[in-house]
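New to this one? Take a look at the sequence and the model first, and then we can go through some of the labels people attach to it.

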Amino acid sequence: MQSTEQSATAVPRVVAWTPTQFTRRVDEAMDIYVQAMNYPPHAGTQRAITARRHTAHDGFACRAALLDDRLVGFGYGYTTMSGQWWHDLVRKALTTEHVQF
């Protein structure tokens with residue numbers, strides 16, 4: 001275990017993860033997500049199912065922040081298309097002048 005002093009000064013390294021690497025550690029990632037969003041722990045289980053499906057989308061990209069091998073942060077995204085929930089939700093919120101397709 002690292003001392004508090006070491007942890008406070010350590011700088012995570014950010015690495016690109018493949019879909020397979022993300023899938024292997026998605027439960028750890030969802031623990032971080034649940035804490036960051038202040039969601040109940042069971043929300044991470046459902047979110048992990050969705051996140052695994054996202055790895056199959058075109059343009060999937062993931063970055064992981066690691067201290068040694070401990071996951072301390074992550075982010076991912078993919079190219080969305082019409083008919084996908086997030087794409088349609090955002091498009092609906094945009095004004096005509098902001099939509100460029």
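Here are some questions and answers on backbone angles, accessibility and aromatic rings.

Q: What kind of model is this?
A: It's a predicted model.

Q: What makes the phi of Asn38 worth a mention?
A: Its phi is positive, at about 60°, although Asn38 is not a glycine. Most residues other than glycine have a negative phi. You'll find Asn38 in the loop between α3 (26–37) and α4 (42–54).

Q: Why is Asn38 called exposed?
A: Its relative accessibility is 71%, and exposed means over 50%, so Asn38 counts as exposed.

Q: Where does Asp68 sit, and what is its phi?
A: Asp68 is in the loop between β2 (61–67) and β3 (70–77). Its phi is near 55°, a positive value in a residue other than glycine.

Q: How do you know whether Asp68 is buried or exposed?
A: Check the number: Asp68 has 61% relative accessibility. The cut-off for exposed is over 50%, so Asp68 counts as exposed.

Q: How many aromatic pairs does the structure hold?
A: The structure holds 6 of them. One of these is Phe60 with Tyr76.

Q: Why is the pair of Phe60 and Tyr76 called tilted?
A: The centres are 5.5 Å apart, and rings pair if their centres lie within 6.5 Å. The planes are 35° apart; stacked would need under 30 degrees and edge-to-face over 60, so tilted is what remains. This pair links distant parts of the chain, with Phe60 in the loop between α4 and β2 and Tyr76 in strand β3, 16 residues apart.

Q: What makes Phe60 buried and Tyr76 partly exposed?
A: Phe60 has a relative accessible area of 13%, and buried means under 20%, so Phe60 is buried. Tyr76 has 21%, between the cut-offs of 20% and 50%, so Tyr76 counts as partly exposed.

Q: How do you know that Trp85 and Trp86 form a tilted pair?
A: Their rings are 5.6 Å centre to centre, with 45° between the planes. That angle is neither under 30 degrees nor over 60, so the pair is tilted. Trp85, at 64% relative accessibility, counts as exposed, whereas Trp86, with 47%, is partly exposed.

Q: Which residues form one aromatic cluster?
A: Phe22, Phe60, Phe74 and Tyr76 do.

Q: What sits over the ring of Tyr33?
A: That's the charged end of Arg47, 5.3 Å from the ring's centre. The distance cut-off is within 6 Å.

Technical notes. Residues numbered from 1 in each chain as written. Predicted model: local features only at pLDDT ≥ 70, side-chain atom pairs only at ≥ 80, totals over all residues. Heavy atoms only, no water. Helix = DSSP H or I, 4+ residues; strand = E, 2+ residues; numbered from the N terminus. Buried < 20%, exposed > 50% of the residue type's maximum accessible area, 1.4 Å probe, protein only. Lys NZ or Arg CZ within 6 Å of the ring centre and 35° of its normal.
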